[in-house]
Amino acid sequence: MPLFELADIRFGYPGQALILRGASLALHEGQRLSITGPNGAGKSTLLRIMVGLLRPDAGRVVAFGKPRRTEAEFHEVRRRAGLVFQDPDDQLFCPTVAEDIAFGPLNLGKTRAEAVAIVDRTLDRLDLMHLRDRITYKLSGGEKRLVTLATVLAMEPEVLLLDEPTNALDEANEARLVEILQSLPQPMVLVSHDARFRAKIASESLRLADGVLAPDPAP
Amino acid sequence: MGHILTLERQTLSDTGAGHGGALARLDPRARILGACAFAMVTVVCSWMPVLVAALLMAVGLMWLSRVPVAPTLRRMAAMDSFIIFLLALLPFSVPGDTIFTLWGFAASWQGLALAVEILLTANAVVLALLSLVGTMEPVTLGHALSRLRVPDTLVHLLMFTIRYIDVLRAEYLRLRQAMKMRGFRPSTNWHSYRSFGYLVGMMLVRAIERSERVLGAMKCRGFAGRIPLLETLAYGRSDALFAAGLGAALLALFAAEIAHAAV
């Protein structure tokens with residue numbers, strides 16, 4: 001049984017032509033998919049549909065074995081699948097790094113002590129302990145990216161969805177990110193333009209063009 | 001966070017925290033409550049010697065908080081520029097014994113007294129606020145307000161402002177630079193007005209889109225209307241001392257005012 005199954009998804013932003021015209025995708029346990037495609041092809045849109053931030057006009061989203069249609073049904077999906085946004089500034093909104101990482105676990109009903117323990121464990125695992133009490137708006141671009149990954153990993157997701165994670169990363173930080181992602185056990189869907197980066201993380205590659213997903217001819 | 005009032009330093013990358021002297025070690029809540037109590041007592045009082053004493057107290061707080069004197073006084077003066085017209089007009093609008101006549105309008109001693117009273121009150125309150133609350137890291141202010149049971153919505157509003165004001169500013173600067181690179185020089189013509197209109201409009205659109213993305217990111221992490229804060233504020237002995245000292249001084253001011261009014 002696939003973790004995620006999108007069948008014949010159609011979606012258009014209000015007042016615009018359809019951007020997805022029957023896209024289908026299945027993500028299985030242990031699988032790492034990458035998605036590429038031209039700008040504006042709907043790659044980020046697809047990830048948003050997977051976690052219910054956008055609702056498709058037509059088509060079926062099945063996640064973790066259940067069809068998902070309503071907001072309430074997607075709550076569980078968002079708990080079990082972690083989406084790393086394209087712009088870290090969209091994701092880090094708490095004053096301090098520790099608070100931002102604790103936000104998810106606390107929402108899941110963890111106590112403060114448990115949340116603090118999760119914060120420390122996550123930062124320790126990513127070797128980011130030195131950023132613990134920093135103020136989020138004062139982090140550098142690379143630090144912000146790594147912290148957004150920490151905020152998502154703190155929720156212990158079963159699946160990772162990554163939207164252009166190498167955006168605005170220098171070589172050192174990109175190498176660090178590759179190292180971290182390679183060490184993670186989760187299945188992933190990775191949206192990236194960077195062919196070398198895709199090759200390091202994902203084993204299979206899909207191409208989104210004209211609103212349809214197809215195996216990438218040149219991975 | 002008083003540094004936001006002057007433009008010479010970059011907003012929020014320098015938070016104004018760090019200095020603060022003896023007052024910086026106090027619990028932020030004690031400092032906020034102290035500033036509020038000070039403001040209330042000063043606004044209620046109207047006897048000139050009491051107001052002068054209050055202003056001196058505020059100067060004392062400024063000295064205790066070790067804020068740089070010149071910029072702090074400049075910020076205080078910036079506030080005065082908002083009330084200068086009110087103060088200048090008061091002698092003419094309040095009836096009473098005439099001091100002099102200007103173009104047929106009589107200035108009164110009573111009006112002048114009222115203007116001085118307002119000037120003293122406003123400056124004392126602002127100076128105390130700059131010394132006690134202005135030296136706080138903005139984030140700490142948010143935490144303290146939240147612990148003081150200020151409604152969550154207002155605290156969230158403050159926190160989001162702190163978090164995103166710099167992002168918005170960077171966006172504005174990028175757009176402005178892009179305009180400059182294409183030879184835009186603002187002047188007094190329709191092209192300039194229209195271009196600034198586009199700039200403001202574009203920033204609004206981007207801000208709305210960003211707010212939607214932020215909400216999406218929050219939902220992804222199970223947001224349900226509450227942002228939990230992890231702070232460890234605790235009242236200590238120095239806070240009690242500060243509260244007792246300030247309380248006694250304010251009580252003395254208030255007693256002097258009452259005694260004068262009773263005569």
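These legends go with close-up views of a predicted model.

**View 1. Chain A as a whole.** Start with the overall makeup: chain A folds into eight helices and 10 strands. It has 219 residues, and 57% of them count as buried. Looking at contacts in chain A with a separation of 6 or more, 66% come from residues 24 or more positions apart. On the outside, chain A exposes about 9100 Å², with carbon and sulfur atoms supplying 50% of that.

**View 2. Helix 4 of chain A under cover.** Helix 4 of chain A spans residues 97-107, and 10 of its 11 residues are buried. Among them are A:Val97, A:Ile101, A:Phe103 and A:Leu106, along with A:Glu99 and A:Asp100. What does the covering? Part of it comes from chain A itself, including helix 3 (88-91), helix 5 (112-125) and helix 6 (141-153). Chain B pitches in too, with helix 6 (138-147) and helix 8 (190-220). After helix 4 of chain A comes A:Gly109, which has a positive phi, near 95 degrees.

**View 3. Helix 3 and helix 5 of chain B, packed together.** Here helix 3 (residues 48-65) and helix 5 (residues 109-132) of chain B pack with their axes 8 Å apart, at an angle of about 20 degrees. Angles under 35 degrees count as roughly parallel, so that is how these two helices of chain B run relative to each other. Their crossing is left-handed. Where they meet, helix 3 of chain B brings residues including B:Leu51, B:Leu55 and B:Met62, while helix 5 of chain B offers B:Val116, B:Leu120 and B:Leu127, among others. The residues of this contact divide into 16 nonpolar, four polar and one charged.

Terms used. Residues numbered from 1 in each chain as written. Chains lettered and ligands numbered in written order. Predicted model: local features only at pLDDT ≥ 70, side-chain atom pairs only at ≥ 80, totals over all residues. Heavy atoms only, no water. Helix = DSSP H or I, 4+ residues; strand = E, 2+ residues; numbered from the N terminus. Buried < 20%, exposed > 50% of the residue type's maximum accessible area, 1.4 Å probe, protein only. Contact = heavy atoms within 4.5 Å. Areas by Shrake-Rupley, 256 points an atom, 1.4 Å probe, with all protein chains shown as cover. Axes fitted to C-alpha atoms, helices over the stretch in contact; angles between N-to-C directions. Parallel < 35°, antiparallel > 145°, perpendicular 65-115°, else oblique. Left-handed = near helix turned anticlockwise from the far one by under 90°. Nonpolar A, V, L, I, M, F, W, Y, C, P; charged D, E, K, R; others polar.
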